[in-house]
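Q: I am new to protein structures and would like a close look at one part of this one. Please start there, and then show me how the rest is arranged.

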Amino acid sequence: GDLTARHPKALSCVTQPVASGEHQMAVETEIKFQMPQRNLGASSRLTVRGCKIGRRSESDLLSTYFDTPKQKLKRHGLLLRMRRANGKHVQTIKKTSGVQFSRGEWETEIGGRGPDLGKANGTPLQELASKKLRRKLKPIFETSVHRITMPVHTKRSELELAIDRGRIIAAEHTRRIEEIELELKSGPTSDLFRVAKALERK
């Protein structure tokens, strides 16, 4: 698989959380940066004029991405991820095609480590969730990440800064992850880009 496919230097999206049955559906508003490790520490000490940085929290995330050998989900503009964090397993279905820089996302907690297509009802994966697909789904790659998360408050906005260090593994190939994600939780997108520019200068 392509180890760089999910790591663009910068990706911006539009967000509006919507509750959808048992799933939590959202369209993310975020910017991602690839950043050398020497700059990640400086980012964790970020100061931006007019912003208040909240208390940091840390977590270890183990994520496995699934598809068929012929990449049926990718061809349909979908991504299927299983993530283990804090003793819980969360299944995420993302829509990667459509409007540029906009990605729908559906999350639900499940009981095991493998995909549960019975939980795909009400998501774009529902139409593809056949018994044949269940049999053909295989782990494509895995990421293991230590994440530092900090809330960022401005007068008008709530944002979240996540700093990831870890690795991505696909077959016999391994690549480091050195990534920063800045997500707008509420408020105008202008604040998202203002804080992002401060990060770029670090």
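What follows is a close look at the salt bridge between Lys32 and Glu181, and then a walk through other parts of the protein.

A: Happy to help! First, a word on what you are looking at. This is a predicted model, in which local features need pLDDT of at least 70 and side-chain atom pairs count only at pLDDT 80 or more, while totals for chains, interfaces and linings use all residues. Residues are numbered from 1 along each chain as its sequence is written, and side-chain values use heavy atoms, leaving out hydrogens and water.

Now to your pair. Side chains of opposite charge can pair when their charged atoms come close. Here the side chains of Lys32 and Glu181 meet in a salt bridge, 3.7 Å from N to O. (A salt bridge is a side-chain nitrogen of Lys or Arg within 4 Å of a carboxyl oxygen of Asp or Glu.) This pair links distant parts of the chain: Lys32 is in strand β3, residues 30–34, and Glu181 is in strand β11, residues 173–186, with their positions 149 residues apart. (Strands are DSSP runs of E with at least two residues, helices are runs of H or I with at least four, and both are numbered from the N terminus.)

Are the two partners buried or exposed? Lys32 is buried, because its relative accessible area is 5%. Glu181 also counts as buried, at 11%. (Buried means under 20% relative accessible area, exposed over 50%, and partly exposed in between, with a 1.4 Å probe and protein chains only.) The pair also has company: Glu30, Lys32 and Glu181 are linked in a network of salt bridges.

How many salt bridges does the structure hold? There are ten, and two others are good to set beside yours. Arg56 pairs with Glu58, their closest N and O atoms being 3.4 Å apart. Arg56 is partly exposed at 38%, and Glu58 is partly exposed at 48%. Lys185 pairs with Glu183, with the closest N and O atoms 3.7 Å apart. In that pair, Lys185 is partly exposed at 43%, whereas Glu183 counts as buried at 13%.

Another kind of pairing comes next. The structure holds one aromatic pair. The ring centres of Tyr65 and Phe141 are 4.5 Å apart and their planes are at 15°, so the pair is stacked. (Rings of Phe, Tyr and Trp, the last by its six-membered ring, pair if their centres lie within 6.5 Å; planes under 30 degrees apart count as stacked, over 60 as edge-to-face and the rest as tilted.) Tyr65 lies in strand β5 (residues 57–67) and Phe141 in strand β9 (residues 138–153), so the pair ties together parts that are 76 residues apart in sequence. Both Tyr65 and Phe141 are buried.

Leu125 is another buried residue, at 1% relative accessibility. Leu125 is found in the loop between β8 (104–110) and α3 (131–136). Leaving aside residues up to four places away in sequence, Leu125 touches Leu73, Leu78, Leu80, Ile93, Leu117, Ala120 and Leu133. (Contact means heavy atoms within 4.5 Å.) One of these, Leu80, is 45 residues from Leu125 in sequence, and their C-alpha atoms are 8.8 Å apart in space.

Next, find helix α4. The buried residues of α4 are Asp191, Leu192, Val195, Ala196, Ala198 and Leu199. They cover an arc of only 155° around the axis, which puts them on the same side of α4. (The arc is that of the directions from the helix axis to the C-beta atoms.) The face of α4 turned away from that buried side carries the exposed residues Lys197 and Glu200.

Two loop residues also deserve a look. Gln71 has a positive phi of about 55° although it is not a glycine, and Gln71 is found in the loop between β5 and α2 (72–75). Ala171 likewise has a positive phi of about 55° without being a glycine, and Ala171 is in the loop between β10 (158–170) and β11. Gln71 is partly exposed at 32%, whereas Ala171 is exposed at 74%.

Finally, step back to the whole protein. There are four helices and eleven strands. Of the 202 residues, 44% count as buried. Among contacts with a separation of 6 or more, 59% come from residues 24 or more positions apart.
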